[in-house]
Amino acid sequence: MRELPQGNELLQYAREILRKEILPDLPAKHRLTGLMIANAMGIAARQLHNGDEQDYHELVALQTLLRTLGHEPMSAYPSFDSQSEGLQSSHILSHTALQQELTVLNRQLAELIRNRELKDQQDLVFSHLEHITAIRAAESGG
């Protein structure tokens, strides 16, 4: 177990000090930079707090969407069977491997969109994209 407070809490605390005690005393030409740093700290704190949970949900949603569209999801790790116990039930990929899988699947979806291979299934894609965008916006703007 890590010592308390944890990283996300430390970032939030440091961000509050920056915003309340340091930013007001900064010269005007440095305030925008200070606000950008404070916002970046807030995003980082939310990402630390959330961990990879949202990325796993996105990965499963992408796999499901691609199968629904009639395409087998590609994988950065072809020997990994994501339909077995794998991603559906537990978090077994490292952060880096998870990001690689998301990159591969998002590129696959983008290629289907570019090649106009979706026929009458655009509503499914739009719904997926709206959902993922809302999650990302909440993490970035909270």
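Before I describe the pocket, one convention: Ala, Val, Leu, Ile, Met, Phe, Trp, Tyr, Cys and Pro count as nonpolar, Asp, Glu, Lys and Arg as charged, and the others, Gly among them, as polar. What I am showing is a predicted model, and I would like to start with its largest pocket before turning to the helix pairs.

By that convention, the lining of the largest pocket has two nonpolar, six polar and five charged residues, and the volume of this pocket comes to about 220 Å³. The lining consists of 13 residues, and those closest to the centre of the pocket are Gln-47, Gln-54, Asp-55, Arg-136 and Glu-139. Three elements, namely helix H3 (53–68), H5 and H6, give two or more residues each to this lining, and the largest share, five residues, comes from H6.

That brings me to how H6 packs. The axes of H3 and H6 come within 11 Å and cross at roughly 175 degrees; since angles over 145 degrees count as roughly antiparallel, H3 and H6 are therefore roughly antiparallel to each other. On the H3 side the contact uses Gln-54, Glu-58, Ala-61, Leu-62, Leu-65 and Thr-68, and these meet Leu-124, Val-125, His-128, Ile-132, Ile-135, Arg-136 and Glu-139 in H6. By class, that contact divides into seven nonpolar, three polar and three charged residues.

Now to the other neighbour of interest: how do H5 and H6 pack, in angle and in distance between their axes? Helix H5, residues 95–114, packs with helix H6, residues 122–141, at an angle of about 140 degrees, and their axes are 13 Å apart, which makes H5 oblique to H6. H5 passes H6 in a left-handed crossing, where Asn-106, Leu-109 and Ile-113 of H5 make the contact with Val-125, His-128, Leu-129 and Arg-136 of H6. The residues of this contact are four nonpolar, two polar and one charged.

Finally, towards the beginning of the chain, helix H1 (residues 7–22) and helix H2 (residues 28–50) pack at an angle of about 160 degrees, with 8 Å between their axes, and H1 and H2 are therefore roughly antiparallel to each other. Their crossing, too, is left-handed. In H1 the contact residues include Gly-7, Leu-11, Ala-14 and Leu-18, while those in H2 include Gly-34, Ile-37, Met-41, Ala-45 and Leu-48. Taken by class, the contact of H1 with H2 has ten nonpolar, seven polar and two charged residues.

Note on methods
Residues are numbered from 1 along each chain as its sequence is written. This is a predicted model: local features need pLDDT of at least 70, side-chain atom pairs count only at pLDDT 80 or more; totals for chains, interfaces and linings use all residues. Side-chain values use heavy atoms; hydrogens and water are left out. Axes are lines fitted to C-alpha atoms, for helices over the stretch in contact, and angles run from 0 to 180 degrees between N-to-C directions. Helices (H or I, at least four residues) and strands (E, at least two) are DSSP runs, numbered from the N terminus. Angles under 35 degrees count as roughly parallel, over 145 as roughly antiparallel, 65 to 115 as roughly perpendicular and the rest as oblique. A crossing is left-handed if the near helix is turned anticlockwise from the far one by less than a right angle, and right-handed if clockwise. Contact means heavy atoms within 4.5 Å. On a 1 Å grid over the protein atoms alone, a cavity is a set of points where a 1.4 Å probe fits but cannot get out, and a pocket is an open set with protein on both sides within 12 Å along at least five of seven lines; lining residues have an atom within 4 Å of a point. Grid points are joined across faces, edges and corners, and a volume is the space filled by probe spheres set on the points.
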